[in-house]
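Work through the exercises below with the structure open beside you. Try each task before you read its solution.

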Amino acid sequence: MEQAANQVTGNSAILAPGGTSHATPRKKWSRGTSLATWITIAILMILAGAFFLYLLVPLAALLLHAPPSEIWHQMQQPDVIAALKLSLVTTTISTVLGVIFGLPAAILLARTSFPGHRFLEVLATIPTVLPPTVAGLALLLTYGRTGLVGKYLNILGIQIPFTTTAVVMAQIFVAAPFFVNTAKSGLEQLHSRYETAAYTLRASPFQAFRYVVLPLVSPALLTAVGLAWARALGEFGATITFAGNFPGVTQTLPIAVYIASQTNLDKSIAVSVILLAVSFAVLLTLGLARTLLSRKWSI
Amino acid sequence: MKHFPRIMFLLIAACLLLASCGSSGSSGSSASTPSSTPTAAPVTINVFAAASLTAAFEEIKTQFQAKNPNVTITYNFAGSNTLATQITQGAPANVFASADTTNMDKVSSLVNTPQTFAKNKVVVIVPASNPGNIKTLHDLANPGIKIAVANSSVPVGNYTLQVLSKMGQSSEYGPSYESAVKANFVTLETSVSGVVQKVQLGEVDAGYVYVTDAHSAGDKVKSIDIPDQYNVLADYPIATVKDSAHASTAQSFVEYVLSPDGQAILTKYHFIPVG
């Protein structure tokens with residue numbers, strides 16, 4: 001619910017900078033509301049409630065199955081600490097790289113039109129539908145030591161598979177498209193008249209982007225960052241295929257969960273809860289940051 | 001406000017759709033119940049089998065169904081540990097064929113007495129191009145060699161460690177051999193197929209797999225035998241699941257696997273027959 005409210009304030013900030021809000025305010029139901037409207041609201045609530053329950057109950061089942069003592073015990077295990085550390089480091093790097101390369105790609109797709117535009121648009125979405133194992137296999141066939149690019153890297157003495165670099169590359173391949181697509185739709189929703197106004201004030205393209213576009217789309221960008229980061233954190237299939245599994249080098253938290261599930265179900269559930277807690281903390285922080293940014297730019 | 005009728009219509013349509021899905025689901029399950037009662041009527045049994053049995057069990061299915069036209073066999077192939085977890089969580093298995101006794105033991109309270117129906121052993125495979133120039137088991141200890149193994153939680157990974165331990169205790173190889181080979185591990189795969197894949201693609205110089213995997217990988221890999229004195233014979237146990245429907249059909253499937261015909265098929269796929 002809070003999430004939805006944030007979304008509304010986020011959008012109104014994009015549509016109405018400077019406080020002159022012409023965006024639709026949140027609906028308030030007056031006393032004269034008809035029966036049909038009440039039925040609509042009731043159905044809406046039931047469907048939305050069913051949806052949230054559908055998401056919540058399996059997560060609650062995990063929590064109920066893992067006693068706090070077991071979670072605390074697992075948090076002190078060296079293999080869990082190593083996997084957690086590796087996951088945090090690699091997802092941070094892959095998200096930063098995803099933004100550095102993905103933001104220009106999103107701007108290109110949202111603000112320009114050229115032959116092949118539609119092709120690039122689809123290309124930036126394909127990794128999100130590709131089964132992750134296939135994505136990992138594709139990376140192996142490209143950067144593996146007998147792969148398309150990898151065989152030349154191999155001559156230079158560079159071998160990527162089974163290294164932490166491979167973990168980061170797998171995460172970027174699978175997660176960065178989430179950033180690009182979300183950032184792109186954020187940019188598309190922003191009317192170009194704001195940039196035009198900036199240009200009439202003799203702003204350079206960089207200034208127009210830095211001082212006008214970026215503040216207005218930053219809530220959308222934070223959503224995009226959150227999505228990409230979360231997808232990278234949960235990444236399993238591409239990582240196990242391209243980077244393999246070696247504790248401390250390529251064993252990320254999701255892989256540690258899977259390995260544990262083969263011998264010790266309780267441990268795997270406890271580690272899953274740790275994974276969930278980390279995701280919740282980061283996504284909530286990003287959500288708060290987005291709310292703050294929205295407020296800052298709507299006053 | 002004038003859009004409300006349209007929204008209402010859509011919402012009601014959505015509700016009806018959900019309701020109809022629900023009812024079709026329940027009618028589907030009620031339709032399957034009567035088919036289980038008469039003896040001559042078609043029977044479907046669910047066989048949960050270790051992934052390494054895939055090819056052999058597909059042929060056994062063809063033969064068994066030809067002899068029992070009313071029976072349909074549905075396979076669930078996965079890692080033995082995954083299957084054991086699924087059975088513990090109440091998955092509708094009639095028969096469980098595991099790649100090791102450990103995972104069969106995990107479900108011992110849910111199955112009837114298991115019987116060993118095949119054996120397998122460990123072998124080293126190298127890519128056909130042999131980038132690590134591995135000719136003998138000694139070469140696996142050379143520095144810089146990349147080796148893929150299955151994780152110790154996977155049966156074949158556990159057997160691999162047992163093999164290395166036996167070699168480490170021998171006078172021919174010794175403890176330094178064991179540690180040197182282990183230092184060359186670059187990945188601990190979550191399944192034996194992961195090991196085969198990485199060797200087939202030439203991304204590692206060698207991998208430890210079952211002798212059956214080495215044969216099904218075909219020309220893309222070459223295998224180096226591990227002498228029996230160091231090798232581990234993996235027992236494959238099979239059992240019917242207690243309190244499941246079609247107990248007699250499940251039992252006859254197990255008997256077929258243990259019969260000379262079933263054993264011949266397993267031998268064809270390079271399993272070691274029992275007895």
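**Exercise 1: The contact between the chains**

The contact draws 21 residues from chain A and 19 residues from chain B. The model is predicted.

Task: Find which elements of chain B give two or more residues to the side that touches chain A, and which gives the largest share.

Solution.
- Step 1. Collect the elements of chain B that give two or more residues to this side: helix H1 (4–32), H3 and strand E7 (185–189).
- Step 2. Look for the largest share: H1(B) supplies it, with six residues.

**Exercise 2: Confidence in chain A**

Task: Decide where in chain A pLDDT stays under 50, and how the coordinates there should be read.

Solution.
- Step 1. Start with the whole chain. Chain A has an average pLDDT of 86, and 88% of its residues score at least 70.
- Step 2. Locate the weak stretch. Over residues 1–23 of chain A, pLDDT stays under 50.
- Step 3. Check its contacts. The model has 33 contacts beyond four places in sequence for this stretch.
- Step 4. Apply the rule. Predicted coordinates should not be read in detail where pLDDT is low.

**Exercise 3: A helix of chain A**

Task: Describe the span, bend and burial of helix H2 (residues 35–65) of chain A.

Solution.
- Step 1. Compare spans. H2(A) has 31 residues and reaches 44 Å from first C-alpha to last, close to the expected 45 Å.
- Step 2. Find the bend. H2(A) bends by about 25 degrees at Leu56(A). A proline, Pro58(A), follows within four residues.
- Step 3. Count buried residues, using the cut-off of 20 or more other C-beta atoms within 10 Å. The count for H2(A) is zero, so this helix is hardly covered.

**Exercise 4: The sheet of chain B**

Task: Establish the strand order, the edges and the helices that lie on the sheet in chain B.

Solution.
- Step 1. Write the order. Six strands of chain B form an open, mixed sheet: E2-E1-E3-E10-E4-E11.
- Step 2. Mark the edges. E2 (71–78) and E11 (272–273) of chain B each have a single partner strand, so one side of each lacks a neighbour in the sheet.
- Step 3. Examine one pair. E4 (115–120) and E10 (234–240) of chain B run antiparallel, joined by five bridges. Gln115(B) stands opposite Ile238(B) in E10(B).
- Step 4. Add the helices. H2 (54–67) of chain B packs on the sheet, touching E1 (43–50) and E2, and its direction makes about 175 degrees with that of E2(B). H3 (80–88) of chain B lies across E1, E2 and E3 (95–97), at about 135 degrees to E1(B).

Definitions and conventions
Residues numbered from 1 in each chain as written. Chains lettered and ligands numbered in written order. Predicted model: local features only at pLDDT ≥ 70, side-chain atom pairs only at ≥ 80, totals over all residues. pLDDT = per-residue confidence, 0-100. Contact = placed C-beta atoms within 7 Å. Expected span 1.5 Å × (residues − 1). Bend = angle between axes of the 7 residues up to and from the residue. Buried ≥ 20, exposed ≤ 12 C-beta atoms within 10 Å, placed from the backbone. Pairing = 2+ DSSP bridges. Axes fitted to C-alpha atoms, helices over the stretch in contact; angles between N-to-C directions.
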